[in-house]
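Dear colleague,

I am passing on the structure below, and my notes on helix packing and on aromatic side chains follow it. Please read them alongside the coordinates.

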Amino acid sequence: MTRAELADVTRLTSLAALTASIAHEVNQPLAGIITNASTCLRMLAADPPNVEGARETARRAIRDGNRAADVITRLRALFSKRAAAIEPIDLNEATAEVVALLSGDLQRNRAILRTKLADGLPRVGGNRVQLQQVIMNLLRNAVDAMTDVDDRARSILLKTEPDQDGHVRLSVQDAGVGFGPAGPDRIFDAFYTTKSDGMGIGLYVSRSIIENFNGRLWAQGNDGPGATLCFSIPEYVPDPATTDHIGPRRAPVSGCRPTRDEARS
């Protein structure tokens, strides 16, 4: 293969990765737009029309449309290697918004979500939409991992807590099938997936986002069934020289093993 041909292959591979990433990340808000638009039409066609309900679903459709636009904007910045705008983020608040968005998916998949959001957490340095995309990917990954689980509760534990060295940690623990023979590291490879309809890009993009904020995203098996995925990112530390600055560049702790009480729950 000539150098020019190799360059063409590299460009096509990069384009494929970008296309797959955009398709993956905007699928959720686009599905929300379609669902809300259909609901709005049914409410208006009722006798008498449910005008107030139609207004609310129209607002939700607008919200999802704005989210899809935000995702594309952030992905373009991510793949262009430009520095993302850093802002102080309340991780608990951002997490609660994602949980509200995914409540319907959790119910449809019979997933039981428990949250343990630590009080008094410092704000983290990041981009709100990108961090919410990561949290959404981790929760959807947990739900997918339990699709074939019927002999135990499909439980998910979503937890935030202070981490070492000026970091804040978020973890998602599921009761699914685990990693299999591939192990925990392989799941972050681009285009690697165990799902028949998966593209293998969600966790790859999620790790890129977290690393852009000087954080770390990793996975490990549970003592019992399932797996836990965690990310840890620095607290937001304002820099007098600039308005946007990420906190300490120190490594977080090496694991997120559940406590004894959580392992039994």
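In this predicted model, helix α4 passes helix α5 in a left-handed crossing, and the two pack at an angle of about 145°, with their axes 9 Å apart. Here α4 spans residues 128-145, while α5 covers residues 202-212. On the α4 side the contact is made by Q130, L131, V134, N137, L138 and N141, which meet G202, L203, S206, I209 and I210 of α5. Sorted by character, the residues of this contact comprise six nonpolar and five polar, with no charged residue among them.

Helix α4 also packs against helix α3 (residues 91-108), where the axes come within 9 Å and cross at roughly 40°. Because of that angle, α3 counts as oblique to α4, and the crossing of the two is right-handed. From α3 the contact draws on L91, E93, A94, T95, E97, V98, V99, L101, L102 and L106, and from α4 on R128, Q132, I135, M136, L139, R140 and V143. These residues divide into 11 nonpolar, two polar and four charged, whereas the contact of α4 with α5 holds no charged residues.

Turning to the aromatic side chains, how many aromatic pairs does the count give? With ring centres required to lie within 6.5 Å of each other, the count comes to zero. There is, however, a charge placed over a ring: R216 lies over the face of W218, at 4.5 Å from the ring centre.

With best regards

Definitions and conventions:
Residues are numbered from 1 along each chain as its sequence is written. This is a predicted model: local features need pLDDT of at least 70, side-chain atom pairs count only at pLDDT 80 or more; totals for chains, interfaces and linings use all residues. Side-chain values use heavy atoms; hydrogens and water are left out. Axes are lines fitted to C-alpha atoms, for helices over the stretch in contact, and angles run from 0 to 180 degrees between N-to-C directions. Helices (H or I, at least four residues) and strands (E, at least two) are DSSP runs, numbered from the N terminus. Angles under 35 degrees count as roughly parallel, over 145 as roughly antiparallel, 65 to 115 as roughly perpendicular and the rest as oblique. A crossing is left-handed if the near helix is turned anticlockwise from the far one by less than a right angle, and right-handed if clockwise. Contact means heavy atoms within 4.5 Å. Ala, Val, Leu, Ile, Met, Phe, Trp, Tyr, Cys and Pro count as nonpolar, Asp, Glu, Lys and Arg as charged, and the others, Gly among them, as polar. Rings of Phe, Tyr and Trp (its six-membered ring) pair if their centres lie within 6.5 Å; planes under 30 degrees apart count as stacked, over 60 as edge-to-face and the rest as tilted. A charge sits over a ring if NZ of Lys or CZ of Arg is within 6 Å of the ring centre and within 35 degrees of the ring normal.
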